[in-house]
Amino acid sequence: MQNFAINVVIIYMMNKILVSIVGPTAIGKTALSIKLANHFNTEIISADSRQFFKDMQIGTAAPTNEELAAAKHHFIHHKSIEDHYNVGAFEREAISTIDTLFKTTDIVVMVGGSGLYVDAVNNGLDDFPDVDSNIRETLNNDIKTKGLSFLQDRLKVLDLTAYNTIAIDNPHRVIRALEICIGTGKPYSSFLKKGTIKRNFKSIYVGLTAERHIIYDRINRRVDIMMQEGLLEEVKNLVSFKHLNALKTVGYKELFNYLDDEWPLDFAVSEIKKNTRRFAKRQLTWFKKNEDTLWFDYTTPVEDIISKIKQHI
């Protein structure tokens with residue numbers, strides 16, 4: 001009788017679906033996630049690691065108040081930039097929230113451009129070996145004395161795959177990849193997805209994309225809109241926190257350089273656009289690794305996407 005009950009629970013949970021919307025920044029993932037959530041009468045899990053922080057609204061292109069009201073979102077602006085929050089903590093909290101939602105719905109929508117966070121929820125985190133803590137201390141000193149570009153160049157030599165896929169402008173990610181490379185003598189990327197965790201739900205990935213010049217044009221226009229909406233003022237209010245890891249990201253670090261009189265404003269804005277375009281390229285490289293993703297042009301009618309999802313359920 002007990003085994004029968006367990007089997008019933010397993011069958012019940014495997015009828016649950018997590019639809020993960022992925023793709024490069026500025027492609028329209030938020031709008032699609034709201035349409036899908038409304039169609040399936042469900043809620044949205046945000047897996048965008050920059051949108052967790054309530055202090056960063058404009059520069060992270062977080063959902064507007066109108067978008068948040070259109071469908072219930074989780075993990076939007078729920079942390080302070082002073083909080084220590086990582087992918088492991090997000091995985092635990094997201095899975096707990098998803099399990100709760102599955103008690104009342106069969107489908108949950110997840111959306112985000114942070115590939116590591118999306119994959120952590122769907123497949124679990126990778127298992128990395130312990131390495132000598134002195135390695136990280138040395139790398140932290142190197143970044144202070146030699147700069148991030150020095151570490152980036154070193155990672156490019158030791159692990160080109162990681163260099164092309166991780167958030168290369170994020171010092172924490174670069175140091176993490178390097179300490180594994182140095183501490184094990186093996187590429188950081190060689191430890192990725194060694195043991196995928198079996199989840200109690202089915203995963204469907206939906207990818208949005210476009211021709212590269214269209215993606216780049218959308219990015220450039222989004223940055224211009226951010227500046228019009230007050231991104232510079234937002235960054236000014238965060239100057240005293242610029243040493244925090246959450247703010248060492250595109251859209252903030254460039255304007256900190258302007259406020260420090262290192263760059264003129266026009267150049268800082270052009271660097272935001274350039275670095276965001278590079279970020280979008282890495283996003284696509286990451287997400288294209290998943291051969292099961294259902295890819296759609298960003299102009300595809302939502303009805304066609306819903307139909308394709310239903311075919312896979």
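A salt bridge is counted here when a side-chain nitrogen of Lys or Arg lies within 4 Å of a carboxyl oxygen of Asp or Glu. Side chains of opposite charge can pair when their charged atoms come close. The model is a predicted one, in which local features need pLDDT of at least 70 and side-chain atom pairs count only at pLDDT 80 or more, while totals for chains, interfaces and linings use all residues. Residues are numbered from 1 along each chain as its sequence is written, and side-chain values use heavy atoms, with hydrogens and water left out.

**View 1. A salt bridge inside helix 10, between Asp 217 and Arg 221**. The side chains of Asp 217 and Arg 221 meet with an N to O distance of 3.1 Å. Both residues belong to helix 10 (residues 212–229), where they are four residues apart and so separated by about one helical turn; helices here are DSSP runs of H or I with at least four residues, strands are runs of E with at least two, and both are numbered from the N terminus. Asp 217 is partly exposed at 39% relative accessibility, and Arg 221 is also partly exposed, at 44% (buried means under 20% relative accessible area, exposed over 50%, and partly exposed in between, with a 1.4 Å probe and protein chains only).

**View 2. A salt bridge between two loops, formed by Lys 242 and Asp 260**. The N to O distance in this pair is 2.6 Å. Lys 242 lies in the loop between helix 11 (231–236) and helix 12, and Asp 260 in the loop between helix 12 and helix 13 (265–287), so the pair ties together parts that are 18 residues apart in sequence. Lys 242 is partly exposed at 32% relative accessibility, and Asp 260 is partly exposed at 35%.

**View 3. A salt bridge between Lys 253 and Asp 169**. The closest N and O atoms of this pair are 3.6 Å apart. Because Lys 253 lies in helix 12 (residues 253–259) and Asp 169 in the loop between helix 8 (160–165) and helix 9 (171–184), the pair ties together parts that are 84 residues apart in sequence. Lys 253 is partly exposed, with a relative accessible area of 22%, whereas Asp 169 is buried, at 14%.

**View 4. The surroundings of Leu 101 in helix 4**. Leu 101 is found in helix 4 (residues 87–101) and counts as buried at 10% relative accessibility. Leaving aside neighbours within four places in sequence, Leu 101 is in contact with Glu 43, Ile 45, His 74 and Val 108, contact meaning heavy atoms within 4.5 Å.
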